[in-house]
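Trainee: I'm new to this one, and I'd like a close look at a single part. Could you take me through the largest pocket, starting with what kinds of residues line it, and then show me what sits around it?

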Amino acid sequence: MAFSGGAVVDPQNTSGFRRNGVDPLIATYTRTGSGEHLALSYDNGRTFEEYEGNPVVEHDGRDPKVFWYEPGGHWVMIVYSESHTRELEFGEEVRLYQHSIYTSPNLKDWTYQSGVTDFFECPELFELPVEGESGESKWVMYDADGKYVIGSFDGKTFTVEQGLRKYDYGGEFYASQTVANVPEDDGRRIQIGWFQTETPYMPFNQSMTFPTKLNLRKTSDGYLLYPQPIQEIEKLHARSYRIKNQVLSDTTISSAIRGDQLHIIAEFDKGEATQFGLNVNGYELTYNLLRSTLNNTFYPIDETLKLELIVDRMGMEVFVNDGELYFVEQYNSVDTEQAVEVFARGRGDSALLVKSLEVHELSSIWDK
């Protein structure tokens, strides 16, 4: 079987795969029971042919991610592996479950260099600039369920400088892929994850998250990843509803726009309301001021709370304060009444300021 992997282009032809002036799309993937394989496409991904020298890495592992490391002039493969061991006292050995790092000058011949333990499948390794810190960048390594560490990378060894952090707080996000080097782009690192939704009534099984731009920021809690929907989502906006600076006190505001494909942005000044938030097609996202929780997640705020939601038929993605907190949530909007409401609940004259609310109907990404 074919398991996860990635794809690269080799414009310098280090691999020698160029044919009739065409640099192929080179897929790197796991063939179970064999190891890591290459497959070449000379027709923009329509068809692939196996590299005759496969497998290029033989080991007990899976899910290679390959990229070009410019400072060293070589390729890097990060891959989940269970093939390496560490010797203990008295001659005993323990098997390591790690992200292994290999290097190659040509994508064909690979040399094992190092590994980082305590990780599982679907590894990622990439460099991001630190927002607001001129000239500073860090490397990020993470795995399928969104655990990540921050550190430095010299092309062969990743050095952990900050321990594990968690990327997703919902539990439905898994096994993402990131894309870089988009032509005529601004250096964005764009991520799409596996959205583990249940999909009754649909002619497909589960789905993918909306593309997000990954940002790295230095905070009081160290370096943190902040995902944000890519700006191209605005191209899908159809009808829109907007309000600004309205006060609520044990009342609601209902949007004139409703549906099961929405982009919602709401910003609140917490005021004195005990609870406030959004109700979208029967799913309630509630901030509890007394407990400092957003639904069941502890999340203290100072004065303002910004909620950005991408809503689809089988689930939604939630970005809190521009990605400081992120989670995906599955729910079924097919059998629910479609409505978008902002609510405030309190005692006495306690009030909430809705600084802004935008509700955008989303068009499909697919041509009909």
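Mentor: By class, the lining of the largest pocket splits into 20 nonpolar, seven polar and seven charged residues. That makes 34 lining residues in the list, and F67, W68, A180, N181 and R189 are the ones that lie nearest the centre of the pocket. Keep in mind that you're looking at a predicted model. As for volume, the largest pocket comes to about 940 Å³.

Which elements give two or more residues to that lining? They are β1 (2–9), β5 (61–69), β11 (124–129) and β15 (173–179). Of these, β11 gives the most, with six residues.

Let's stay with β11 for a moment, as one of its residues pairs up with a residue of β5. In general, side chains of opposite charge can pair when their charged atoms come close. Here E124 and K65 meet through their side chains in a salt bridge, at 2.9 Å from N to O. E124 sits in strand β11 and K65 in strand β5, so this pair links distant parts of the chain, 59 residues apart. Are the two partners buried or exposed? E124 counts as buried, because its relative accessibility is 1%, under the 20% cut-off. K65 is at 10% relative accessibility, so it counts as buried as well.

Now try β1, another strand that gives two or more residues to the lining. V9 has its place in β1, and together with L25 and F48 it makes a nonpolar surface patch of about 240 Å². V9 counts as partly exposed because its relative accessibility is 45%, which falls between the 20% and 50% cut-offs.

There's another salt bridge to pick out, between the side chains of E49 and R19, at 2.8 Å from N to O. E49 is in strand β4 (residues 49–50), while R19 is in the loop between β1 and β2 (25–31); the pair links distant parts of the chain, 30 residues apart. E49 is partly exposed, with a relative accessible area of 34%, and R19 is partly exposed too, at 37%. If you'd like a group rather than a pair, look at R62, D63 and E121, which are linked in a network of salt bridges. Over the whole structure, a search finds 18 salt bridges.

For a companion to your pocket, turn to the second largest one, with a volume of about 800 Å³. It is lined by 26 residues, and M208, Q261, D312, I365 and W366 are the closest to its centre. The elements that give two or more residues to this lining are β16 (190–195), β17 (207–208), β27 (304–311) and β28 (315–320). β28 provides the largest share, three residues. By class, the lining of the second largest pocket has 15 nonpolar, seven polar and four charged residues.

A salt bridge can be found by β27 as well: K306 forms one with D322, and their closest N and O atoms are 2.8 Å apart. K306 lies in strand β27 and D322 in the loop between β28 and β29 (325–330), so the pair ties together parts that are 16 residues apart in sequence. K306 is partly exposed, with a relative accessible area of 23%, and D322 counts as partly exposed at 28%.

Definitions and conventions:
Residues numbered from 1 in each chain as written. Predicted model: local features only at pLDDT ≥ 70, side-chain atom pairs only at ≥ 80, totals over all residues. Heavy atoms only, no water. 1 Å grid on protein atoms, 1.4 Å probe; cavity = no way out; pocket = protein on both sides within 12 Å on 5 of 7 lines; lining within 4 Å. Points joined across faces, edges and corners; volume = space filled by probe spheres on them. Helix = DSSP H or I, 4+ residues; strand = E, 2+ residues; numbered from the N terminus. Nonpolar A, V, L, I, M, F, W, Y, C, P; charged D, E, K, R; others polar. Patch = residues over 30% accessible without salt bridge, like charges linked within 9 Å, V, L, I, M, F, W, Y side chains within 5 Å. Areas by Shrake-Rupley, 256 points an atom, 1.4 Å probe, with all protein chains shown as cover. Salt bridge = Lys/Arg side-chain N within 4 Å of Asp/Glu carboxyl O. Buried < 20%, exposed > 50% of the residue type's maximum accessible area, 1.4 Å probe, protein only.
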